[in-house]
Amino acid sequence: TELSHIRNFSIVAHIDHGKSTLADRLIQETGTVQDRDMKEQLLDAMDIERERGITIKANTVRLDYKADDGETYILNLIDTPGHVDFAYEVSRSMRAVEGSLLVVDSTQGVEAQTLANVYQAIDADHEIVPVFNKIDLPASDVSRVAEQVEDVIGIDASGAIAVSAKTGQGIHEVLEAIVTHLPAPQGDRAAPLKAMLVDSWYDSYLGVVVLVRIMDGVLKKGERIRMMSNGSIHHVDRIGVFRPQMQPVDELGPGEIGFLTASIKQVRDTRVGDTITHEKKGCDTPLPGFKPAQPVVFCGLFPVDSAEFEDLRDAIEKLALNDASFSSEMETSAALGFGFRCGFLGLLHLEVIRDRIEREYNIELITTAPSVVYHVYMKDGTMTELHNPADMPDLTYVDHLEEPRIKATILVPDDYLGDVLKLCQDRRGIQEDLSYAGPRAMVVYDLPLNEVVFDFYDRLKSVTKGYASFDYQMTGYREDTLVKMQILVNDEPVDALSVMVHRDRAEMRGRAMVEKLKELIPRHMFKIPIQAAIGGKVIARETLSALRKDVTAKCYGGDATRKRKLLEKQKAGKKKMRQFGKVEIPQEAFISALKMD
Ligand code: GTP
């Protein structure tokens, strides 16, 4: 296909502003999928995505569009994940296209993820067409949103298109704008092959499928290709495009987006952002800016039933095959037995993996507190990365610690601003900016990631009744006075409850944790001290008093059914307990104890 007849684009939007609905409508309007085959949200293939309404993996579709000028164009849409955890994937898919539709819900206006995503599009030098969605709703206010887009984002909104992805109104205008406003790709057919690896995933029939954007040269079936990041060679056994189901093609030329399969065993062997070329007569320089995605949040996953350890290993291995950014290694904990220390791109990524293990593999899990990666500088000048508070080296050898920081952008209606500022302040935030985007405040904070990974989203949502939107990016590491706080139950440290905290907040956190644990741990036949300690020093303490021996006898004296019911109930409850020394700790304690409210 001639370059002048190709348009490549993505859709950027805040969650729920209608990105997937618009994509579905574009697919339908171009007749790519017959109406009767049209399912809602075609692009969100996985069940879990559908249920949660979030797009995790970038998907793509090729549309044939006969424009008003009489010519037929190929429109390639790459659907990008909208969530902060997948920011790196977003930035790579942006580099694979020349333009973006900026979808803003005209009943809501610009939100934090609108900003984060549109800045990525601007960084990638995109032409941007604003699309104001949901004009079928009475609360729609297109001129207000246009003003916001110009004031806050600083792009021209005069060519914006008002649409309803629900009713189909304005969809034709969107297709015309793609053809007339977005630039055609550039590339040299005669040059050596240079293709970007945009995404990859595991397909149970085909093995690893690789999504590519051809920059220069031509890729054909049967050729041998080289991954430039590691030099590995593969034989291409299939190439094709998505309509949205896979359709084989003879070749992929410059400007085109399609897939290849090459008997690649694991998704791990393909790296998003890598450059693919031919084995022989390949290109000399790879595409710029390649970096593999690094996990930033770690936590332990343990089976509730220790007999399910092997099943868990199996589940984790299978999930890791299809997700290069998810890491795991075996871990043993005195309290929880055998499990895995796993690394994730962020909290949502963690939740998705945990849900899939519980749901698809039917394994009940204990998840320990999420922790970020600390840099521990030793007195001998070396630095180690700390993924697990339990591994904190002896303080006598430690010189200082550094923790990761983020730049957080929060948009919130003025009424809730005070609560948001307080929350950020409580989490050791440093305010960097405060401005207004229409009736809403936009605050920018420098925050320790550690204070955000656990329950910041939840707190933010609850103090603003769901009206705030939030986005963040990592900025780097900074030194602070961080300490490891241990929890001792019945005088024994429970490693799975160890956390890294700021020294100034340790007493408060310690007291909150022991108070929570006192509520969560059932009474036993003996007295149980619950303590928080730093080094050898106890900073908070509660005592769980003993059960009186005659309690059961008195209560359940004669009534046999009641007694049996109670025993059954206790048995069911027991399954979710972990024996620790002489004490039984319920599963929920490992997460609930850490919540800060
Ligand atoms: P993700 O891709 O999952 O991040 O979200 P999204 O931006 O794709 O949102 P989605 O397309 O799932 O739409 C969110 C909700 O808005 C859904 O309930 C849609 O049915 C609804 N919706 C989308 N477009 C319109 C529209 O034009 N009018 C109305 N009334 N509802 C819409």
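1. **Helices and strands.** The protein in this predicted model has 15 helices and 34 strands. Of its 597 residues, 54% count as buried. Look also at the contacts between residues at least 6 apart in sequence: 70% of them join residues at least 24 apart. A few places are worth visiting in the viewer, so let us take them in turn.

2. **An open sheet.** Begin with the sheet that six strands form. This sheet is open, its pairing is mixed, and its strands come in the order 2-3-1-4-5-6. Which strands stand at the edges? They are strand 2 (59-66) and strand 6 (161-162). Each has a single partner strand, so one side of each is left without a neighbour in the sheet.

3. **Strands 4 and 5.** Now move inward to strand 4, residues 99-105, which pairs with strand 5. The two run in the parallel sense, and seven bridges link them. If you would like one bridge to find for yourself, start at Gly99: its bridge partner in strand 5 is Glu127.

4. **A helix across the strands.** Helix 5 covers residues 142-153. Helix 5 lies across three strands, namely strand 4, strand 5 and strand 6. Its direction makes an angle of about 125° with strand 4.

5. **His126, in a loop.** Between helix 4 (112-123) and strand 5 (127-133) there is a loop, and His126 lies in it. Is His126 buried or exposed? Its relative accessibility is 9%, which is under the 20% cut-off, so His126 counts as buried. Its side chain makes a polar contact of 2.8 Å with the side chain of Ser100. Setting aside residues up to four places away in sequence, His126 touches Ser10, Met94, Val97, Glu98, Gly99, Ser100 and Ala121. Gly99 is thus a neighbour of His126 as well as the bridge partner of Glu127.

6. **Glu176, a buried charge.** Finally, turn to helix 6 (residues 171-181), where you will find Glu176. Glu176 is buried, yet it has no salt bridge. How far away is the nearest side chain of opposite charge? That side chain belongs to Arg7, and the distance is 9.7 Å; a salt bridge would need the charged atoms within 4 Å. Glu176 does have a polar partner, though: its side chain and that of Tyr65 are joined by a polar contact of 2.6 Å. Apart from neighbours within four places in sequence, the residues in contact with Glu176 are Tyr65, Ala67 and Asp68.

Definitions and conventions: Residues numbered from 1 in each chain as written. Predicted model: local features only at pLDDT ≥ 70, side-chain atom pairs only at ≥ 80, totals over all residues. Heavy atoms only, no water. Helix = DSSP H or I, 4+ residues; strand = E, 2+ residues; numbered from the N terminus. Buried < 20%, exposed > 50% of the residue type's maximum accessible area, 1.4 Å probe, protein only. Polar contact = N/O pair within 3.5 Å; in protein donor to acceptor, adjacent residues only side chain to side chain. Contact = heavy atoms within 4.5 Å. Pairing = 2+ DSSP bridges. Axes fitted to C-alpha atoms, helices over the stretch in contact; angles between N-to-C directions. Lys, Arg positive; Asp, Glu negative; His and termini not counted.
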